[in-house]
Amino acid sequence: MINTILGGGEYLELAKKLIREGEVVAFPTETVYGLGADAFNATAIAQVYRIKGRPNDNPFIVHIGAKDDLESVAKNIPNVAYELMDMFFPGPLTLVLKKKATLPDITTANLNTVGVRMPNHPLALEFIRACKCPIAAPSANMSKHISATSAMHVMTDLGGKIPLILDGGKSNIGIESTVVSLVENIPFILRPGAITRDELMQVLPDVQIKLSKVDKPASPGMKYAHYMPSCPTVCVCSQDVAKRIYSENIDKSPVIIASDHFLKECSERNTISLGETERSAMQLLFSSLRTAEMEFKYIILEYFPKTTRYEGINNRIEKASSGIIITN
Ligand code: TXA
Ligand code: MG
């Protein structure tokens, strides 16, 4: 059992020292917290897989502290990558590019590509720049569990297993980056996220979303269970369905997680609000799921309209509910 220190920028020197020594450090980003290690240190990366319980065929995103650092990990970079960087870096976008041979294979789970992103969070950028190396990091949650959007969430999953959690407050975006592959003949969204398909189309007019097949996932991460609360979770398309499922499971201590207008029709029931906008829903989704699994035993989640705006959040909701979408 390791004594886990939790604190803010005053621990940057310690964070840097730990990374230099091949240790892992959890750090905040604007999307979710990451569990970081030196992207060039194969032994440190192996520790991240082990601590998180991560399948070893699922690669990590490499986080850079400056746009110029892209060339230290990727090669054959197309012009469009620079255009995307100008528009979205720092921010919630991961670019999948050809990997440089100097980056250890374990960092990218033996793929010849690497996912790179520059987080838009002051403490994340200070941390990466202080370490003077790119930081490979998956989300800082136990594999399969709900991603962490606060330092306390990281403590719940990884306390006692890692030496330091840098606390940068609540992640203000709340779901993970959009992952876009630029290594095929057309650009593909491998994971929808905070940056929408419509936003990407300004630079990538022909971008498509890759629908995952079980036997051939678009991205290794797609074949694994994700964001799973510890109790049964379903998603519903209307208030009527939510109220019916609630009544049917009344003995299981149910809760409805939904936006304010949806909850207006669900009074006198256990509820958790996702606010009123898609931004607030993204920001509050993972923390609401974590609260719900601690306080209740059956989760009913609102499913959002099937438009490009909601692609990212609906993807997380579908996974949290293992694809159980109740339409009527
Ligand atoms: O917002 C985020 O992206 C957060 C923060 C911490 O940066 N990170 C994150 O990492 O969500 P993780 O490991 O939980 O999810 C990374 C996803 C996985 O589905 C993985 O398979 C995919 O990105 N990925 C990473 N490198 C890839 C590559 N070279 N090719 C295809 N998919 C890749
Ligand atoms: Mg993750």
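1. In this predicted model, the shell around ligand 1 draws on several strands, and strand S4 (61–63), strand S7 (113–117) and strand S11 (188–191) each supply at least two of its residues. Among the strands, S7 gives the most, with 4 residues.

2. The shell around ligand 1 comprises 27 residues, of which Thr31, Arg54, Asn58, His63 and Ser177 come nearest. Sorted by class, the shell holds 13 nonpolar, 10 polar and 4 charged residues, a division that may be useful to keep in view when reading the individual contacts below.

3. Three polar contacts to oxygen atoms of ligand 1 deserve a look in the viewer. The side chain of arginine 54 places an N or O atom 2.8 Å from an oxygen atom of the ligand, the side chain of serine 139 has an N or O atom 2.9 Å from a ligand oxygen, and a polar side-chain atom of arginine 191 likewise lies 2.9 Å from an oxygen atom of ligand 1. Taken on its own, ligand 1 has 680 Å² of accessible area, and the protein covers 96% of that area.

4. Strand S11, one of the strands that supply the shell, has pairing partners of its own. With strand S10 (residues 178–181) it pairs in the antiparallel sense over 3 bridges, and serine 181 has phenylalanine 188 in S11 as its bridge partner. The connection from S10 to S11 is a hairpin of 6 residues. S11 is also joined to S12, in this case by 2 bridges and with the strands running parallel; here isoleucine 189 has isoleucine 209 in S12 as its bridge partner. As general background, strands of a sheet pair through backbone hydrogen bonds, either parallel or antiparallel.

5. Elsewhere in the chain, 5 strands form an open sheet with parallel pairing, in the order S15-S14-S16-S13-S17. Strand S15 (271–273) and strand S17 (325–326) stand at its edges and have a single partner strand each, so one side of each is left without a neighbour in the sheet. For S17 the pairing can be followed in detail: strand S13 (residues 233–236) runs parallel to S17 and is joined to it by 2 bridges, with valine 236 standing opposite isoleucine 326 in S17.

6. A search of the whole structure finds 4 aromatic pairs, and two of them are described here. The rings of phenylalanine 27 and phenylalanine 127 have their centres 5.1 Å apart and their planes at 40°, so this pair is tilted. Because phenylalanine 27 lies in strand S2 (residues 25–27) and phenylalanine 127 in helix H4 (residues 122–131), the pair ties together parts that are 100 residues apart in sequence. Phenylalanine 27 is buried, at 0% relative accessibility, and phenylalanine 127 is also buried, with a relative accessible area of 0%.

7. The other pair described here is formed by tyrosine 227 and phenylalanine 286, whose ring centres are 5.2 Å apart and whose planes meet at 25°, so the pair is stacked, the cut-off being under 30 degrees. Distant parts of the chain are linked by this pair, since tyrosine 227 sits in the loop between strand S12 (208–209) and S13, whereas phenylalanine 286 belongs to helix H9 (residues 278–295), 59 residues apart. Tyrosine 227 counts as buried at 3% relative accessibility, and phenylalanine 286 is buried with a relative accessible area of 0%.

Conventions
Residues are numbered from 1 along each chain as its sequence is written. Chains are lettered from A and ligands numbered from 1 in the order in which they are written. This is a predicted model: local features need pLDDT of at least 70, side-chain atom pairs count only at pLDDT 80 or more; totals for chains, interfaces and linings use all residues. Side-chain values use heavy atoms; hydrogens and water are left out. Two strands pair if DSSP finds at least two bridges between them. A residue is near a molecule or strand if one of its heavy atoms lies within 4 Å of it. A polar contact is a pair of N or O atoms within 3.5 Å; within protein, one must be able to donate a hydrogen and the other to accept it, and residues adjacent in sequence count only if both atoms are side-chain atoms. Accessible areas come from the Shrake-Rupley method with a 1.4 Å probe; for residues, only the protein chains shown count as cover. Ala, Val, Leu, Ile, Met, Phe, Trp, Tyr, Cys and Pro count as nonpolar, Asp, Glu, Lys and Arg as charged, and the others, Gly among them, as polar. Rings of Phe, Tyr and Trp (its six-membered ring) pair if their centres lie within 6.5 Å; planes under 30 degrees apart count as stacked, over 60 as edge-to-face and the rest as tilted. Buried means under 20% relative accessible area, exposed over 50%, partly exposed in between (1.4 Å probe, protein chains only).
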